[in-house]
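Here is a short report for a reader meeting this structure for the first time. Keep the model in view while reading.

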Amino acid sequence: MTTPTTVRIDPTRLPGRPCPAAAALELVGERWALLVVRELSFGITRFGDIVAGTGAPRDRIAARLRSLQEAGVVERSAYQSSPVRWDYRLTDSGRDLVAVVDALAVWGRRHAVVESS
């Protein structure tokens with residue numbers, strides 16, 4: 001396994017009111033990033049399965065996995081050497097983020113999802 005690096009954001013360098021929420025959104029606020037975290041929290045660890053679960057284009061998920069790894073949210077380890085293929089897992093930071101994704105899902109059920117008849 002790789003040791004995660006941690007990207008930190010100086011909120012005073014972001015536009016608008018500086019705050020920790022703005023810094024967090026700068027790192028993980030993009031739609032596909034949070035859906036990657038969701039898939040990993042479900043135990044989905046392989047790239048193709050993450051793509052299928054999110055419905056996102058492969059290149060978009062590849063970019064999000066790289067940025068989440070740079071932010072210390074995700075780590076990867078090789079499960080095959082030729083060609084190299086990776087498993088992805090949440091770090092401690094990523095597991096902390098699952099509570100945010102869960103809260104967003106609760107809000108979505110209450111306020112964003114069309115009720116079935």
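## Overall layout

The protein chain has five helices and two strands. This is a predicted model. Along the sequence, the elements of the protein chain run in the pattern α-α-α-α-β-β-α. The C-alpha atoms of the protein chain fill a box of roughly 45 × 45 × 25 Å along the principal axes.

Of the 117 residues in the protein chain, 31% are buried. Contacts also reach across the sequence. Among those between residues at least 6 apart, 48% join residues at least 24 apart.

## Helix 2 and its cover

Helix 2 spans 31-41. This helix is mostly covered, with eight of its 11 residues buried. The buried residues are Trp-32, Ala-33, Leu-34, Leu-35, Val-36, Val-37, Glu-39 and Leu-40. Their cover comes from several elements. Included are helix 1, helix 3 (47-54), helix 4 (58-70), strand 1, strand 2 and helix 5.

Both ends of helix 2 deserve a look. At the N-terminal end, Glu-30 acts as a cap. A side-chain oxygen of Glu-30 lies 2.9 Å from the backbone nitrogen of Trp-32. Just after helix 2, Gly-43 has a positive phi of about 90 degrees. Most residues other than glycine have a negative phi.

## Salt bridges across the chain

The count of salt bridges is five. One of them pairs Glu-30 with Arg-64, where the closest N and O atoms are 2.7 Å apart. Glu-30 sits in the loop between helix 1 and helix 2, and Arg-64 sits in helix 4, so this pair ties together parts 34 residues apart in sequence. Glu-30 is partly exposed, because its relative accessibility is 29%. Glu-30 thus appears twice in this report: as the cap of helix 2, and as a partner of Arg-64.

Another salt bridge joins the side chains of Asp-87 and Arg-46, at 2.9 Å from N to O. This pair also links distant parts of the chain. Asp-87 is in strand 2, Arg-46 is in the loop between helix 2 and helix 3, and they are 41 residues apart. Are these two partners buried or exposed? Asp-87 has 9% relative accessibility, so it counts as buried. Arg-46 is partly exposed, with a relative accessible area of 35%.

## A salt bridge within helix 5

Helix 5 covers 92-111. Inside this helix, the side chains of Arg-95 and Asp-92 meet in a salt bridge, 2.2 Å from N to O. Why are they separated by about one helical turn? Arg-95 and Asp-92 are three residues apart in helix 5, which means about one turn between them. In an α-helix, residues three or four places apart point the same way, because there are 3.6 residues a turn.

Arg-95 is partly exposed at 46% relative accessibility. Asp-92 is exposed, at 57% relative accessible area.

## Loops around the strands

Strand 1 (74-81) and strand 2 (84-90) are joined by a loop that holds Pro-83. The peptide bond between Ser-82 and Pro-83 is cis, with omega about -5 degrees. Most peptide bonds are trans.

Next comes the loop between strand 2 and helix 5, where Thr-91 is found. Thr-91 is buried, since its relative accessible area is 6%. A polar atom of the Thr-91 side chain lies 2.5 Å from the backbone oxygen of Gly-72.

## Two pockets

The largest pocket has a volume of about 430 Å³. It is lined by 18 residues, and the closest to its centre are Ala-24, Leu-25, Leu-27, Val-28 and Leu-97. Helix 1 (20-28) and helix 5 each supply at least two lining residues. Helix 1 gives the largest share, six residues. By class, the lining holds 14 nonpolar, two polar and two charged residues.

The second largest pocket has about 240 Å³ of space. Of the 13 residues in its lining, those closest to its centre are Leu-35, Arg-38, Val-101, Leu-104 and Ala-105. Helix 2 and helix 5 each supply at least two residues of this lining. Eight of the lining residues are nonpolar, two are polar and three are charged. Leu-35 is also among the buried residues of helix 2.

Conventions: Residues are numbered from 1 along each chain as its sequence is written. This is a predicted model: local features need pLDDT of at least 70, side-chain atom pairs count only at pLDDT 80 or more; totals for chains, interfaces and linings use all residues. Side-chain values use heavy atoms; hydrogens and water are left out. Helices (H or I, at least four residues) and strands (E, at least two) are DSSP runs, numbered from the N terminus. On a 1 Å grid over the protein atoms alone, a cavity is a set of points where a 1.4 Å probe fits but cannot get out, and a pocket is an open set with protein on both sides within 12 Å along at least five of seven lines; lining residues have an atom within 4 Å of a point. Grid points are joined across faces, edges and corners, and a volume is the space filled by probe spheres set on the points. Ala, Val, Leu, Ile, Met, Phe, Trp, Tyr, Cys and Pro count as nonpolar, Asp, Glu, Lys and Arg as charged, and the others, Gly among them, as polar. Buried means under 20% relative accessible area, exposed over 50%, partly exposed in between (1.4 Å probe, protein chains only). Contact means heavy atoms within 4.5 Å. A polar contact is a pair of N or O atoms within 3.5 Å; within protein, one must be able to donate a hydrogen and the other to accept it, and residues adjacent in sequence count only if both atoms are side-chain atoms. A salt bridge is a side-chain nitrogen of Lys or Arg within 4 Å of a carboxyl oxygen of Asp or Glu.
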